[in-house]
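Subject: A structure for you to look at

Hi,

Here is the structure I promised to pass on to you. Have a look at it first, and then read on for what turned up in it.

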Amino acid sequence: MTERQEQTAPDAVMTRIGQVVMLCHAGDREEARHRFLALWAEIGEDGDPLHRCTLAHYMADAQDDPCDELAWDLRALTAAEELTEDRPARHEHALAVRALYPSLHLNLAADYARLARADAARTHLRRARRAANALGEDSYSDGVRAAISRLELRLGEGGSGDGRWGPPPQRP
């Protein structure tokens, strides 16, 4: 019974990260950065990989300097890679990490493009496209695929996919 309660109990750290994300999206990026840093110190470099991945992924979006954004996006990817196969059984949110891979690589591609590192940008863009094949059919997935396609066009990588992506299907 206790084990079942632990599995369904909300993750307080993920909730706190979500609250800071809302603050960031509301436009207070500086305060969001301060709160993300406080959470990062609390979680620690060796803390839960899911927490570190999620926090770093959103912390990158709060950065003004492209080099800082790249550093946080790299931390997010590193933490995502630390998640083990048994991790989803312990955290319901861990399944979302698999869906984050396309976004993680897309963010890195965009970071490298802003820093005029085209080869690195193209490498991560190809990884984003491959990882996007595991995405479902929903608005998040459609948005990620569209962003990948836009960056491909910007980097001259159009047509590198499997040809399945195009305009979204018409809905009746």
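A residue counts as buried when its relative accessible area is under 20%, and as exposed when that area is over 50%, with partly exposed in between. Please keep in mind that this is a predicted model.

Let's put that cut-off to use straight away. E152 sits in helix 9. Is E152 buried or exposed? Its relative accessibility is 3%, so E152 counts as buried. The side chain of E152 also has a partner: it makes a polar contact with the side chain of R129, at 2.7 Å.

Another buried residue to find is S103, in helix 7. S103 is classed as buried because its relative accessible area is 11%. Setting aside residues up to four places away in sequence, S103 touches H57, Y140 and V144.

Next, the core. In soluble globular proteins, nonpolar side chains tend to be buried together. The largest nonpolar core here has 45 residues, and the members that touch the most others are I17, F36 and L55. Several helices supply at least two residues each, among them helix 2 (12–25), helix 3 (29–43), helix 4 (49–61) and helix 9 (139–155). Which helix gives the most to this core? That is helix 7, with eight residues. To see the surroundings of one core member, try selecting I17: leaving out neighbours within four places in sequence, I17 is in contact with F36, L39, H51, T54, L55 and Y58.

Helix 5 is worth a look of its own. Helix 5 covers residues 66–82, 17 residues in total, and spans 25 Å from its first C-alpha to its last, close to the expected 24 Å. At the start of helix 5, a side-chain oxygen of D65 comes to within 2.6 Å of the backbone nitrogen of C67. The buried residues of helix 5 are E69, L70, W72, D73, A76, L77, A79 and A80. An α-helix has 3.6 residues a turn, so residues three or four places apart point the same way. You can look for that spacing in the list of buried residues.

Finally, the cysteines. A disulfide is a covalent bond between the sulfur atoms of two cysteines. How many disulfides does a search of the whole structure find? The count is zero. As for single cysteines, C24 is buried, because its relative accessible area is 10%, whereas C67 has 47% and is therefore partly exposed.

Enjoy exploring, and write back with any questions!

Best wishes

Terms used. Residues numbered from 1 in each chain as written. Predicted model: local features only at pLDDT ≥ 70, side-chain atom pairs only at ≥ 80, totals over all residues. Heavy atoms only, no water. Helix = DSSP H or I, 4+ residues; strand = E, 2+ residues; numbered from the N terminus. Expected span 1.5 Å × (residues − 1). Buried < 20%, exposed > 50% of the residue type's maximum accessible area, 1.4 Å probe, protein only. Polar contact = N/O pair within 3.5 Å; in protein donor to acceptor, adjacent residues only side chain to side chain. Core = buried A, V, L, I, M, F, W, Y, C linked by side-chain atoms within 4.5 Å. Contact = heavy atoms within 4.5 Å. Disulfide = S-S within 2.5 Å.
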